[in-house]
There are 2 protein chains.
Amino acid sequence: MEFFPAPLEKLVEQFAKLPGIGGKSAQRLAFFVLGLPMDEAQEFANAITDAKRKITFCPVCQNFTSGGLCSVCASPKRDGSTVCVVADPRDVAAIERSREFNGMYHVLHGVISPMNHVGPDDIAIKSLVERVAKGDIKEVIMATNPDTEGEATAMYIARLLKPFSVRVTRLAYGIPVGGHLEFADDATLMRALEGRREL
Amino acid sequence: MEFFPAPLEKLVEQFAKLPGIGGKSAQRLAFFVLGLPMDEAQEFANAITDAKRKITFCPVCQNFTSGGLCSVCASPKRDGSTVCVVADPRDVAAIERSREFNGMYHVLHGVISPMNHVGPDDIAIKSLVERVAKGDIKEVIMATNPDTEGEATAMYIARLLKPFSVRVTRLAYGIPVGGHLEFADDATLMRALEGRREL
């Protein structure tokens, strides 16, 4: 049984579809939006349709862009000889925040995951190989997540890029900065030992 | 510095305005919406503007309605001699779910709260007094929350309704069903003892 008028129930339903938003939260969000001034609610609605209409994929790195090349690919200041391969546009944002990397990106939009029926052709691997084949890229940094699927995807791509004269590297594993040794898992500790460096 | 294209940043900002949604959650929600098919995203946007445009207040009980009387006020099956006064439309939904009440409602849309500059004229008290003044109502059940402001609002309204020949009651206090005595606070236990009933 529905206790709210239909348009309100519908809005609650829409919010409830969002990841991590349960029924009670969806209700609270819908009531909040209903309480907004008309122009602010309109702005919210427009932001949704605008994002869907205007956001496309950068033809070079496949990252999100609002038309044409993305801001990284369009920048003359970035080093075109290094490409960092990530699974998701959010990973680009995370690496950009570190201000440590001045190369280009390649966004796969996923990882190879047989369990979820995602094969190599379902993510942006072909366009990466084409970029590397052009010969201007000297290093490809595999920055997929350090989990099984991210690992497998990195290995798969590294093998694909073997024929080209390009260095393929992987992000370092180790103890996270600010972490505690006693809470580190065995695999991380093993990798941290393996990857130890001269002081 | 912005790491996403402007329309995406804007969508993230809109989600971040919602109550209980932090920066990271807003990002996740915006990416989710961006990943929806165009028609589903459009449906979401429409649900927002539709709710704002179509939802109005019931002229009798001030609850949300999608035009004209709300479903409770319009129903010939409801008992018009009992009115349950609540602070919020969500409270109506909560009471309806209990299937225990067959009377009408009156939604105050807030409680008197001097701290937040909400006075008696800022909530729907006047329309309640007008309803009672018509003389058809026999009992008014004050169902505001059992906190300081809900309590004060209930007392204030009870005093206002004194001149009319109407019974004003308050929801019972006591141990919540399924609760544990040892975890009940002193005030609740005191009220539960005061309100004890013959078995």
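A residue is counted as buried when its relative accessible area is under 20%, as exposed when that area is over 50%, and as partly exposed in between. The structure described here is a predicted model. By the criterion just given, Gln62(B) is buried, because its relative accessible area is 16%. Gln62(B) occurs in the loop that joins β1 (56-57) to β2 (64-65) of chain B. The phi angle of Gln62(B) is near 70°, a positive value in a residue other than glycine. Most residues other than glycine have a negative phi.

A positive phi is also found at His109(B), where the angle is about 60° although the residue is not a glycine. His109(B) belongs to the loop between β4 (103-107) and α6 (126-133) of chain B. With a relative accessibility of 29%, His109(B) is classed as partly exposed, since the range for that class runs between 20% and 50%.

Two residues of chain A were examined together with their surroundings. Tyr105(A) is part of strand β4, which covers residues 103-107 of chain A. Its relative accessible area is 1%, and Tyr105(A) is therefore buried. When neighbours within four places in sequence are left aside, the contacts of Tyr105(A) are Cys61(A), Val72(A), Arg78(A), Val83(A), Cys84(A), Val92(A), Ile95(A), Glu96(A) and Arg131(A). Although Tyr105(A) and Val60(A) are 45 residues apart along the chain, a distance of 9.0 Å separates their C-alpha atoms.

Ile137(A) is located in the loop between α6 (126-133) and β5 (139-142) of chain A. This loop residue is buried, as its relative accessible area is 8%. Residues up to four places away in sequence not being counted, Ile137(A) touches Gly80(A), Ser81(A), Val83(A), Arg131(A), Val132(A), Ser165(A) and Val166(A). Val83(A) and Arg131(A) are thus among the residues touched by Ile137(A), and both are also among the contacts of Tyr105(A). Between Ile137(A) and Arg28(A), which are 109 residues apart in sequence, the C-alpha to C-alpha distance is 50 Å.

The largest nonpolar core contains 47 residues, and those touching the most other members are Phe15(A), Ile48(A), Phe15(B) and Ile48(B). Both chains contribute to this core: α1 (6-16), α2 (23-35) and α3 (38-54) of chain A, and α1 (6-16), α2 (23-35) and α3 (38-54) of chain B, each give two or more residues. The surroundings of Ile48(B) illustrate the arrangement. Apart from neighbours within four places in sequence, Ile48(B) is in contact with Leu11(A), Val33(A), Ala41(A), Phe44(A), Ala45(A) and Ile48(A).

Ile48(B) is one of the buried residues of α3(B), the others being Ala41(B), Phe44(B), Ala45(B), Ala47(B), Thr49(B), Ala51(B) and Lys52(B). An α-helix has 3.6 residues a turn, so residues three or four places apart point the same way. The cover over the buried residues of α3(B) includes α1, α2 and α3 of chain A, together with α1 and α2 of chain B. The length of α3(B) agrees with expectation, because 17 residues at 1.5 Å a residue should span 24 Å and the end C-alpha atoms are 23 Å apart.

A search of the whole structure for cavities of 30 Å³ or more finds one. The largest cavity has a volume of about 40 Å³. Its lining is made up of Gln14(A), Lys17(A), Leu18(A), Phe32(B), Leu36(B), Glu40(B) and Phe44(B). By class, four of these lining residues are nonpolar, one is polar and two are charged.

Among the pockets, the largest has a volume of about 670 Å³. Of the 24 residues that line the largest pocket, Thr144(B), Pro146(B), Leu171(B), Ala172(B) and Tyr173(B) lie nearest its centre. Two or more lining residues come from each of β3 (79-86), α5 (89-98) and α8 (186-194) of chain B, and the largest share, four residues, is supplied by α5(B). The lining of the largest pocket comprises 13 nonpolar, five polar and six charged residues.

The second largest pocket holds about 350 Å³ of space. It is lined by 18 residues, and those nearest its centre are Phe64(A), His109(A), Phe31(B), Leu34(B) and Gly35(B). At least two lining residues are supplied by each of α3, β1 (56-57) and α5 (89-98) of chain A and by α2 of chain B. The largest share of this lining, five residues, comes from α2(B). By class, the lining of the second largest pocket divides into 10 nonpolar, four polar and four charged residues.

Technical notes
Residues numbered from 1 in each chain as written. Chains lettered and ligands numbered in written order. Predicted model: local features only at pLDDT ≥ 70, side-chain atom pairs only at ≥ 80, totals over all residues. Heavy atoms only, no water. Core = buried A, V, L, I, M, F, W, Y, C linked by side-chain atoms within 4.5 Å. Buried < 20%, exposed > 50% of the residue type's maximum accessible area, 1.4 Å probe, protein only. Contact = heavy atoms within 4.5 Å. 1 Å grid on protein atoms, 1.4 Å probe; cavity = no way out; pocket = protein on both sides within 12 Å on 5 of 7 lines; lining within 4 Å. Points joined across faces, edges and corners; volume = space filled by probe spheres on them. Nonpolar A, V, L, I, M, F, W, Y, C, P; charged D, E, K, R; others polar. Expected span 1.5 Å × (residues − 1).
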